[in-house]
Amino acid sequence: MAIVLDHTIVPARDKVASAKYFAKLFGLSYDGPMGPFAPVRVNGTLTMDFDDRWENFGVHHYAFHVSEEEFDAIFGRIKKEGLSYGSQPWSLGDMKVDESHGGRVVYFFDLANHVLEIRTKSSAAAMAEGA
């Protein structure tokens, strides 16, 4: 069996607001809290479990490999919301999309200032090609 990420805890200041924000941008649904979490199902094997029981937390980075069509839809919602985005995780305000490795990549912040990344070419594929 392949190792598959099942879920990850996403520290948040307001778990419900963060879950709704994430679901809206990614075109997913939020069905309400489950236990102490506000989960958003990303696909058949992964949930992002938002949790606001943290007093202090650092910035996390969550990267998502998406199709060209999903990229266009998510990126369209990012622009419609007037969010700042960037071509690199260290230049989140340059309002550019990185197209240098045979795919498109863009980075932006969520409500808790975590860095979200959408990419049309997986990191594994880019690494295999030496990009």
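Start with the contact map of the protein chain. Among contacts (heavy atoms within 4.5 Å) with a separation of 6 or more, 50% join residues 24 or more positions apart. This is a predicted model, in which local features need pLDDT of at least 70, side-chain atom pairs count only at pLDDT 80 or more, and totals for chains, interfaces and linings use all residues. Residues are numbered from 1 along each chain as its sequence is written, and side-chain values use heavy atoms, with hydrogens and water left out.

**Whole chain**

Switch to cartoon. You should find 3 helices and 7 strands. These are DSSP runs numbered from the N terminus: helices are H or I with at least four residues, strands are E with at least two. Trace the chain along its sequence and the pattern reads β-α-β-β-β-α-β-β-β-α.

Now check the overall dimensions. Along the principal axes, the C-alpha atoms fill a box of roughly 40 × 40 × 25 Å. The radius of gyration is 15 Å, which agrees with the value near 14 Å for a compact globule of 131 residues. That radius is taken over C-alpha atoms, and the globule rule is 2.2 Å times the number of residues to the power 0.38.

Show the surface. The accessible area is about 7,600 Å², and carbon and sulfur atoms hold 55% of it. The method is Shrake-Rupley with a 1.4 Å probe; for residues, only the protein chains shown count as cover. Of the 131 residues, 41% count as buried. Buried means under 20% relative accessible area, exposed means over 50%, and partly exposed lies in between (1.4 Å probe, protein chains only).

Colour by charge. There are 13 positive and 18 negative side chains, with the centres of the two sets 4 Å apart. Lys and Arg count as positive, Asp and Glu as negative; His and the chain ends are not counted. Each charge is placed at NZ of Lys, CZ of Arg, CG of Asp or CD of Glu.

**The core**

Select Phe22, Phe26, Phe50, Phe64, Ile78, Phe108 and Ile118. They have the most contacts inside the largest nonpolar core, which has 25 residues. Elements supplying at least two residues each include α1 (15-26), α2 (68-80) and β6 (105-109). The largest share, 6 residues, comes from α1. Such a core is a set of buried Ala, Val, Leu, Ile, Met, Phe, Trp, Tyr and Cys residues joined through side-chain atoms within 4.5 Å. In soluble globular proteins, nonpolar side chains tend to be buried together.

Zoom in on Phe26. Beyond neighbours within four places in sequence, Phe26 contacts Phe64, Ile74, Arg77, Phe108, Leu116 and Ile118.

**From α1 to the β6-β7 loop**

Stay on helix α1 and pick Ser18. Ser18 has a relative accessible area of 6%, so it is buried. Outside the four-place window, Ser18 contacts Ala12, Phe50 and Leu111. Measure C-alpha to C-alpha from Ser18 to Asp52: the separation is 9.3 Å, across 34 residues of chain.

Follow the contact to Leu111, in the loop between β6 and β7. Leu111 is partly exposed because its relative accessibility is 44%. Its contacts outside the four-place window are Ala17, Ser18 and Tyr21. The C-alpha atoms of Leu111 and Phe22 are 8.6 Å apart, with these positions 89 residues apart along the chain.

**Two backbone stops**

Most residues other than glycine have a negative phi. Asn113, in the β6-β7 loop, has a positive phi of about 65°. Finish at Met95, in the loop between β5 (85-86) and β6. Phi of Met95 is positive, near 55°, and this residue is partly exposed at 43% relative accessibility.
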